[in-house]
Amino acid sequence: MSIQRYSAIGLLNPKSPTNVGGIMRAAGCYRADAVFYTGRRYPLAASNGNAQYNTDTKAASEQIPLTGVESLVDAVAADVTVVCVDLVEGAIPLPEFVHPDKAIYIFGPEDGTISQQVINRADAVVYVPTVGCMNLAASVNVLLYDRLAKSATTVTGDELIRTSRDTNNRVRVKR
C-alpha cells in the first residue's frame, strides 16, 4: 500500500492579504495541497484591494484552494496530523521535528498567537528557533522548506531549475 502525502496550511484569523499572497506563493513552490483560514479580517482586507496578487506572482491561488472555514482542526480528514507552529513553551524545535506524511500546519495571526484550545487539540507543536518572531509568510516558507528538505521524495536537478526559475534567468554555473 502506497502512503499518500498531504500538506495543508491553516491560518488563524490572518489580517494581511500581502501575507496570504506570500503564503499562497509558498504553497505553490513547496506543493502544499490546500490553504485554509478562519476569521473575518482577511476577507475584509482582501476586498479592499489586490495586495494578495502582488505577492502571489506565480498565481498559485489558481491551482491551490484557499478556503475560509470555521475550524482549522475540523477542516481536514481524521487521518491528517494537526501541527501547530508558534513560539510556545514546550514546543519541539523545527530542526528536530519529523514531519508526518499527512499534516495541516496551523499558524497564528500576525498580531497574536494560537489559542490554548487549539494547542490542546494539536498532535504536535513546533517552533522555528529564531531570536524574535518572524513574519507570518516567512514562517510558512521556512516550515514548508523544512518539510521538503527532510522529504525522501525531493526532486532536484537542472530540469527542476529550468522549469522553476524566472523567465529572465538563464544563468549557469561555469564548469
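Two strands pair if DSSP finds at least two bridges between them, and the strands (E, at least two residues), like the helices (H or I, at least four residues), are DSSP runs numbered from the N terminus. The model shown is a predicted one, in which local features need pLDDT of at least 70 and side-chain atom pairs count only at pLDDT 80 or more, while totals for chains, interfaces and linings use all residues. Residues are numbered from 1 along each chain as its sequence is written, and side-chain values use heavy atoms, with hydrogens and water left out.

**View 1. Seven strands form an open sheet with parallel pairing.** Read across the sheet, the order of the strands is β3-β2-β1-β6-β4-β7-β5. The two edge strands are β3 and β5, the latter made of residues 92-93, and each of them pairs on one side only. On the β3 side, strand β3 (residues 66-68) runs parallel to β2 and is joined to β2 by three bridges, and within this pairing F36 stands opposite T67 of β3.

**View 2. Strands β1 and β2 pair in the parallel sense, with a helix in the connection between them.** Strand β1 covers residues 6-11 and is held to β2 over four bridges, with A8 standing opposite A34 of β2. Between these two strands the chain passes through helix α1 (residues 17-29), and the resulting β-α-β crossover is right-handed (with the strands pointing away from the viewer, the path from the first strand over the helix to the second runs clockwise). Strand β2, residues 34-37, is covered on both faces: A34 and F36 on one side, and V35 and Y37 on the other, are all buried, where buried means under 20% relative accessible area, exposed over 50%, and partly exposed in between, for a 1.4 Å probe and protein chains only. In a regular strand the side chains alternate between the two faces of the sheet.

**View 3. Strand β6 pairs with β1, and helix α5 lies across both.** Six bridges join β1 to β6 (residues 102-107), and the two strands run parallel; here the bridge partner of I9 is Y105 of β6. Helix α5, residues 136-149, lies across β1, β4 (81-85) and β6, and runs at about 160° to β6. For this view, contact means heavy atoms within 4.5 Å, and axes are lines fitted to C-alpha atoms, for helices over the stretch in contact, with angles from 0 to 180 degrees between N-to-C directions.

**View 4. Strand β7 has β4 and β5 as parallel partners.** Strand β7 comprises residues 124-127 and pairs with β4 over three bridges, whereas two bridges join β7 to β5. V126 takes part in both pairings, as the bridge partner of V85 and also as the bridge partner of I92.

**View 5. The structure holds two aromatic pairs.** Rings of Phe, Tyr and Trp (its six-membered ring) pair if their centres lie within 6.5 Å, and planes under 30 degrees apart count as stacked, over 60 as edge-to-face and the rest as tilted. The rings of Y30 and Y145 have centres 6.4 Å apart and planes at 70°, so this pair is edge-to-face. This pair links distant parts of the chain, with Y30 in the loop between α1 and β2 and Y145 in helix α5, 115 residues apart. Y30 is partly exposed, with a relative accessible area of 23%, and Y145, at 46%, counts as partly exposed too. The pair of Y37 and Y42 is also edge-to-face, with 5.1 Å from centre to centre and 75° between the planes. Y37 has a relative accessibility of 14% and therefore counts as buried, and Y42, at 6%, is buried as well.

**View 6. N13 and R31 have positive phi values although neither is a glycine.** Most residues other than glycine have a negative phi, and most peptide bonds are trans. N13 lies in the loop between β1 and α1, where its phi is near 45°, and its relative accessibility of 27% makes it partly exposed. R31 is found in the loop between α1 and β2 and has a phi of about 60°; with 59% relative accessibility, R31 counts as exposed.

**View 7. Cysteines C84 and C133 are buried and exposed, respectively.** C84 has 0% relative accessibility and so counts as buried, while C133, at 69%, counts as exposed. With a disulfide taken as a pair of cysteine sulfur atoms within 2.5 Å, the count of disulfides comes to zero.
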